[in-house]
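Open the model in your viewer and keep the selection panel at hand. We will move from the whole chain to single residues, one stop at a time.

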Amino acid sequence: MPPKGSNTVTKAFAMLELLGEHPEGISAAAAAEATGHPFSTAYRLLGGLVESGYAEYDPTSRLYTLGLEVFRLSQKVAHRRGFDGATKDLLKALTRETGESSLLSVRQGNASLTVLTVDGPQYRTTTDPGDHAPLHTSALGQVLLAFDPDHDRVVDELDLVPRTPNSITDPARLRTRIAEIRDHGFAAQSEENDIGMNALAVPVLDLDGRLLAALALAAPVFRRSLDDLIELVPRLTETAARVAARLPR
């Protein structure tokens, strides 16, 4: 594949397209050969894409693949154009039965990335597909953090900036919350991420217990208390299992 232009932006986009053509990954040498760039140029372009999150590098295989930042932007387009994922109907059913908004998120670095939302009948969520949220403030993020086997190290890396006066900002308190989530199997928080909102989240696990995503219900505090929301854990867990069955491994 010859270079499509001489400027850096054009070269970077061409490299992204090449990564998209090789979902299994491609080495820097192979990328240089495919694009016609010198190895040093290909290596620099790939390094820039990795640094910005548009590519990922596996030091074991020495291969580059597309990063989640590409997915984040694609979700913005998908949301704008009405494209729905394979699990959209499950979230719609969950919202229809509970009357509350449902959200699906995955982990991206030390943040939660929203990939799917279904608004409740009486209000619109403040989170859209493609949005990031801190791991320590949202129920979704706390689940993604709690079910990470390396959660203790991750806590040390987090910048515990509050989003509301109720946000957890103390590492010891966050570790206590993580232990509670792992013990109970769900995260429940009140106005820690958004004032006026309660949220409940559970992990989406594959058959081997590997964390795939997190699924949540969000409700205004004036309509559903946190205790009322927690009563929906069985329904939320049931939907999470169905979502897991449809997500690619």
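**Stop 1: the first hairpin**

This is a predicted model. Start by selecting residues 55-58, strand S1, and residues 63-66, strand S2. The two strands pair in the antiparallel sense over four bridges. For one rung of this ladder, pick Tyr57 and look across to S2: its bridge partner there is Tyr64.

Now select the loop between S1 and S2, where Arg62 is found. Four residues lie between the strands of this hairpin. What is the sign of phi at Arg62? Phi is positive, near 60°, and the residue is not a glycine. Most residues other than glycine have a negative phi. Is Arg62 buried or exposed? Arg62 has 59% relative accessibility, so it counts as exposed, the cut-off being over 50%.

**Stop 2: the whole chain**

Zoom out. The protein has 10 helices and eight strands. Its C-alpha trace spans about 60 × 40 × 35 Å along the principal axes. The radius of gyration is 20 Å, which agrees with the value near 18 Å that a compact globule of 249 residues would have. Of those 249 residues, 48% count as buried.

Colour by domain next. The domain assignment gives domain 1 as 7-70 and domain 2 as 82-245. Their centres, taken over C-alpha atoms, are 32 Å apart.

For a distance to draw, connect the C-alpha atoms of Thr137 and Tyr54. They are 25 Å apart in space and 83 residues apart in sequence. Thr137 sits in the loop between S5 and H6. At 0% relative accessibility, Thr137 counts as buried.

**Stop 3: strands S3, S4 and S5**

Select S3 (101-108) and S4 (111-118). They run antiparallel, joined by seven bridges. In this ladder, Ser105 has Thr114 of S4 as its bridge partner. Two residues separate the strands in the hairpin, and Gly109 in the turn has a positive phi of about 60°.

Show the surface over S4. How many of its eight residues are buried? Eight of the eight are, so S4 is largely enclosed by the rest of the structure.

Add S5 (132-134) to the selection. S4 and S5 pair in the antiparallel sense over three bridges. Here Ser112 stands opposite Ala133 in S5.

Go back to S3 and pick Val106. Its relative accessible area is 18%, so Val106 is buried, the cut-off being under 20%. Draw a line from its C-alpha atom to that of Pro203. The separation is 10.0 Å, although the two residues are 97 apart along the chain.

**Stop 4: strands S7 and S8**

Select S7 (197-205) and S8 (211-220). Nine bridges join these two strands, which run antiparallel. Val204 has Ala213 of S8 as its bridge partner. The hairpin has five residues between the strands, and among them Gly209 takes a positive phi near 80°.

S8 is mostly covered, with nine of its 10 residues buried. Which strand other than S7 should you show beside S8? Show S3: it pairs with S8 in the antiparallel sense over five bridges. Ser102 stands opposite Leu217 in S8.

Before leaving this region, step to the loop between strand S6 (187-190) and S7, where Glu191 is found. Phi of Glu191 is near 55°, another positive value in a residue other than glycine.

**Stop 5: the second largest pocket**

Rolling a probe the size of a water molecule over the atoms shows where empty space is left. Turn on your pocket display and go to the second largest pocket, with a volume of about 370 Å³. Its lining counts 25 residues. Which of them lie nearest its centre? Select Leu103, Thr126, Thr127, Asn193 and Asp194.

Now colour the elements that give two or more residues to this lining. They are strands S3, S4, S5, S7 and S8, together with helix H6 (139-146). Finish by colouring the lining by class: 10 residues are nonpolar, 11 are polar and four are charged.

Key
Residues numbered from 1 in each chain as written. Predicted model: local features only at pLDDT ≥ 70, side-chain atom pairs only at ≥ 80, totals over all residues. Heavy atoms only, no water. Domains from an automatic or database assignment. Pairing = 2+ DSSP bridges. 1 Å grid on protein atoms, 1.4 Å probe; cavity = no way out; pocket = protein on both sides within 12 Å on 5 of 7 lines; lining within 4 Å. Points joined across faces, edges and corners; volume = space filled by probe spheres on them. Nonpolar A, V, L, I, M, F, W, Y, C, P; charged D, E, K, R; others polar. Rg over C-alpha atoms; globule rule 2.2 N^0.38 Å. Buried < 20%, exposed > 50% of the residue type's maximum accessible area, 1.4 Å probe, protein only.
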